[in-house]
Amino acid sequence: MSIVSLTTDFGTRDGNVGVMKGVIWGIDPTIQIADISHEINPQDVYAASLVLDRQVWYFPPGTVHVVVVDPGVGTARRPIAAKLGVHYFVAPDNGVLSSLYERAEKNVWEIKTVHTDNPKYWLPEISNVFHGRDIFSPVGAYLAAGVPLEELGSVITDPMRFTIPQPQRTEEKVVGEVINIDNFGNVATNIRVEHIAGMGDVKVTIAGRTIEGLVKAFGEGELGEMVALFDSFGYLSVAVVNGSASSGLHSKVGDPVEVVSL
Amino acid sequence: MSIVSLTTDFGTRDGNVGVMKGVIWGIDPTIQIADISHEINPQDVYAASLVLDRQVWYFPPGTVHVVVVDPGVGTARRPIAAKLGVHYFVAPDNGVLSSLYERAEKNVWEIKTVHTDNPKYWLPEISNVFHGRDIFSPVGAYLAAGVPLEELGSVITDPMRFTIPQPQRTEEKVVGEVINIDNFGNVATNIRVEHIAGMGDVKVTIAGRTIEGLVKAFGEGELGEMVALFDSFGYLSVAVVNGSASSGLHSKVGDPVEVVSL
Amino acid sequence: MSIVSLTTDFGTRDGNVGVMKGVIWGIDPTIQIADISHEINPQDVYAASLVLDRQVWYFPPGTVHVVVVDPGVGTARRPIAAKLGVHYFVAPDNGVLSSLYERAEKNVWEIKTVHTDNPKYWLPEISNVFHGRDIFSPVGAYLAAGVPLEELGSVITDPMRFTIPQPQRTEEKVVGEVINIDNFGNVATNIRVEHIAGMGDVKVTIAGRTIEGLVKAFGEGELGEMVALFDSFGYLSVAVVNGSASSGLHSKVGDPVEVVSL
């Protein structure tokens with residue numbers, strides 16, 4: 001049984017996610033479909049890229065990840081499909097897969113990208129405003145059903161990429177930024193364990209607050225205490241034990257975060 | 001593998017959608033289930049009808065669409081099941097399928113409706129307040145599992161219908177109304193391409209704002225520009241490129257929209 | 001085909017539910033997965049327990065219910081799996097299964113609990129902050145795929161339990177409390193039909209409002225009328241016909257409710 005994941009900025013109220021499943025099951029009704037998120041901020045390709053990089057690698061080899069965050073729908077931006085290691089992706093060519101290409105390169109995985117311009121694998125009628133239904137869903141379904149990547153279109157080597165901001169390390173400190181605030185109000189930064197290697201015990205400063213030392217798990221802090229720790233995806237995060245760090249800090253994506261040795 | 005879609009006004013917090021899937025899989029665990037929407041405004045059968053008509057026809061032939069927007073639950077309103085062309089529907093008899101009957105008639109599809117009064121295909125115990133779980137889910141599951149429509153109850157020919165408001169065309173203009181505001185803030189009207197046939201280039205007036213000319217895709221406008229276009233379901237819509245038209249216009253469902261020739 | 005249900009406080013924005021499905025399908029891609037709720041209030045094990053008790057018993061025998069409301073993640077609290085009658089549960093040992101144990105005892109069902117300490121059935125790498133992905137999902141998947149409960153770890157007899165508050169009955173009245181407010185604004189209490197047995201016709205007082213008599217279905221009241229009735233799970237509830245009782249009453253979970261004979 002093949003697996004498809006869906007990530008969009010559609011929300012779940014209008015039925016635009018449901019119709020994608022209808023299209024996919026019209027091509028292969030045995031496909032298993034998992035929703036990753038449909039609450040990406042509208043047109044926020046950067047946020048989508050980070051959510052994907054946190055989640056997709058836990059799916060089984062061969063999974064097809066269909067991503068529709070598509071501000072340029074109906075313009076000349078290409079629809080693409082990519083094989084990155086053992087995972088497949090179907091998306092608009094607007095940089096939304098940037099973190100995934102980056103990880104594939106870092107891990108020296110096989111990378112192959114095609115412009116999915118073969119209309120044989122689209123719906124018969126293509127609207128100008130909903131390629132999620134008309135192009136990305138059927139292409140993803142055919143790929144999951146076993147159609148080879150090269151069948152879907154012409155190989156390209158220049159998918160659009162944007163640069164994921166990296167923390168800056170100087171002699172005294174590491175300066176990173178907030179990249180996500182989750183459902184619990186945990187504030188994740190782009191600082192990973194390798195960025196603070198050799199610094200010993202550290203303190204973390206964010207929004208005027210300083211947290212001394214890192215904990216290993218939420219439960220190590222007192223109820224209501226603000227703690228810093230590496231989250232389950234390896235990002236340095238600030239959390240309040242059984243509470244919300246973001247509501248106390250008023251943090252937002254892009255805010256600076258500093259780490260210095262204690 | 002059979003396919004069932006679910007559309008309700010239950011929200012997803014209370015588990016009332018999850019339990020419907022449990023009931024369905026108790027009857028046939030191989031059924032694939034797609035959520036269309038569970039965020040229909042409570043008891044808004046008109047909104048549900050329009051969402052359904054936008055989405056269901058993209059599902060494969062034989063799909064069973066279970067709809068539970070049911071202000072009259074526990075009263076004498078009938079539970080019904082209908083075959084409209086190659087699609088099946090299970091719903092309370094309260095007009096929620098009106099747009100679907102209308103489309104089936106327009107397309108001269110086969111129409112057959114039954115009052116699903118055969119308790120053999122219900123749960124053994126029926127509550128007065130949750131027929132979605134006790135009647136509509138099991139009936140939908142049995143239908144998807146191959147039980148013939150006529151087995152589910154007595155054929156009827158008078159399902160409740162309400163009239164979908166149609167745009168009015170006079171010599172100078174077409175007057176329609178807002179029928180949906182989606183997750184992106186795009187404002188959809190009930191005006192379709194056939195309603196403005198022969199008018200040449202047009203301007204659209206909504207909430208005191210006038211937009212001259214139509215675009216084919218969001219991306220044809222400038223960032224932040226308000227544009228008018230036919231959406232992916234063929235409805236005239238007003239959108240802001242990578243922004244929200246509804247927050248600028250303060251539009252709501254039912255607001256008038258005018259189209260005149262340029 | 002095996003069935004797994006998921007109940008968490010993760011929300012659906014961050015992809016943490018999606019990744020659990022990826023992990024489950026990596027172990028057995030034929031498993032059917034139903035979301036019960038991902039909108040449990042953060043860390044509210046009591047609310048989760050009540051939602052589960054309303055929904056899980058409608059799932060087919062053998063279903064594995066994975067529950068991740070886990071304020072103690074990364075601390076010494078045990079991960080457990082339980083067989084309660086014909087249903088299986090996988091959860092942190094923090095009382096979140098309390099109502100389910102209670103019902104199993106009341107119905108004299110078989111009860112068996114294990115501490116799922118066999119790392120063979122976990123992901124290879126375990127984070128300190130996301131056992132939903134690293135422990136509960138794989139354990140649930142292996143259980144659904146046929147691994148015997150006893151294989152997953154050591155049998156225990158002391159799972160954590162908290163007491164579900166019971167209504168108090170005196171000679172004049174029954175005093176209960178609000179336990180849930182649903183998507184429609186219906187206010188459910190912990191008073192069940194057995195608690196008011198023999199009281200004849202009753203009146204219900206909540207938040208200073210008194211409702212005389214019970215109806216059997218929403219539709220028996222006038223539009224906008226406040227009515228009291230037993231909901232589809234057998235709990236005494238207060239509702240406004242086609243409206244929201246909670247917005248008029250400003251009720252919240254824990255508020256007292258009184259029932260006296262008329």
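A residue is called buried here when its relative accessible area is under 20%. By that cut-off, helix α2 (residues 45-55) of chain B is mostly covered, with ten of its eleven residues buried. The model is a predicted one. The points below deal with the α2 helices, the two interfaces of chain B, one serine in strand β2 of chain B, and the aromatic and charge-over-ring arrangements.

**Helix α2 in chains B and C**

- The buried residues of α2(B) are B:Val45, B:Tyr46, B:Ala48, B:Ser49, B:Leu50, B:Val51, B:Leu52, B:Asp53, B:Arg54 and B:Gln55.
- In chain C, helix α2 (residues 45-55) has ten of its eleven residues buried, so the rest of the structure largely encloses this helix.
- Buried positions of α2(C) include the charged residues C:Asp53 and C:Arg54, and among the others are C:Val45, C:Leu50, C:Val51 and C:Leu52.

**Interface of chain B with chain C**

- Contacts across this interface involve 32 residues of chain B and 30 residues of chain C.
- About 2,600 Å² is buried between chain B and chain C, and carbon and sulfur atoms give 57% of that area.
- Of the area that chain B buries against chain C, 25% is supplied by B:Arg13, B:Trp25 and B:Val129, more than any other three residues supply.
- Zero salt bridges are found across the interface of chain B and chain C.
- Polar contacts between chain B and chain C come to 14 residue pairs, counted where both residues have pLDDT 80 or more.
- Helix α1 (residues 16-27) of chain B gives eight residues to the side that touches chain C, which is the largest share.

**Interface of chain B with chain A**

- Here 30 residues of chain B are in contact with 32 residues of chain A.
- The area buried between chain B and chain A is about 2,600 Å², with 57% of it on carbon and sulfur atoms.
- B:Gln32, B:Tyr58 and B:Phe184 account for 21% of the area that chain B buries against chain A, more than any other three residues.
- Across the interface of chain B and chain A there are zero salt bridges.
- The polar contacts between chain B and chain A number 14 residue pairs, both residues being at pLDDT 80 or more.
- On the side of chain B that touches chain A, two or more residues each come from β2 (32-37), α2, β9 and β13 (226-230) of chain B.
- Strand β2(B) gives the largest share of that side, six residues.

**B:Ser37, a residue of strand β2**

- B:Ser37 lies in strand β2 of chain B and counts as buried, at 1% relative accessibility.
- Apart from neighbours within four places in sequence, B:Ser37 is in contact with A:Thr12, A:Arg13 and A:Gly15 of chain A and with B:Leu6, B:Thr7 and B:Thr8 of chain B.
- A polar atom of the B:Ser37 side chain lies 2.7 Å from the backbone oxygen of A:Arg13.
- The C-alpha atoms of B:Ser37 and B:Val51 are 8.2 Å apart, for residues separated by 14 places in sequence; B:Val51 is one of the buried residues of α2(B).

**Aromatic pairs around A:Phe10**

- Over all chains there are 21 aromatic pairs.
- One of them joins A:Phe10 and A:Phe130 edge-to-face, at 5.5 Å centre to centre and 85 degrees between the planes.
- A:Phe10 sits in the loop between β1 (3-8) and α1 (16-27) of chain A and A:Phe130 in the loop between β6 (111-115) and α4 (131-144) of chain A, so the pair ties together parts 120 residues apart in sequence.
- Both rings of this pair belong to buried residues: A:Phe10 has 8% relative accessibility, and A:Phe130 has a relative accessible area of 5%.
- A:Phe10 also forms an edge-to-face pair with B:Phe184, at 6.3 Å centre to centre and 70 degrees between the planes.
- That pair crosses between chains, since B:Phe184 lies in the loop between β9 (173-181) and β10 (187-192) of chain B.
- A:Phe10 and B:Phe184 are both buried.
- Ring pairs link A:Phe10, A:Phe130, B:Phe184 and B:Phe233 into a cluster.

**Charges over rings**

- C:Arg133 lies over the face of A:Phe233, 5.1 Å from the ring centre.
- Within chain C, the charged end of C:Arg192 sits over the ring of C:Tyr235, at 4.7 Å from its centre.

Methods:
Residues are numbered from 1 along each chain as its sequence is written. Chains are lettered from A and ligands numbered from 1 in the order in which they are written. Side-chain values use heavy atoms; hydrogens and water are left out. Rings of Phe, Tyr and Trp (its six-membered ring) pair if their centres lie within 6.5 Å; planes under 30 degrees apart count as stacked, over 60 as edge-to-face and the rest as tilted. Helices (H or I, at least four residues) and strands (E, at least two) are DSSP runs, numbered from the N terminus. Buried means under 20% relative accessible area, exposed over 50%, partly exposed in between (1.4 Å probe, protein chains only). A charge sits over a ring if NZ of Lys or CZ of Arg is within 6 Å of the ring centre and within 35 degrees of the ring normal. Contact means heavy atoms within 4.5 Å. Buried area is the accessible area (1.4 Å probe) that two parts lose on being put together, summed over both. A salt bridge is a side-chain nitrogen of Lys or Arg within 4 Å of a carboxyl oxygen of Asp or Glu. A polar contact is a pair of N or O atoms within 3.5 Å; within protein, one must be able to donate a hydrogen and the other to accept it, and residues adjacent in sequence count only if both atoms are side-chain atoms.
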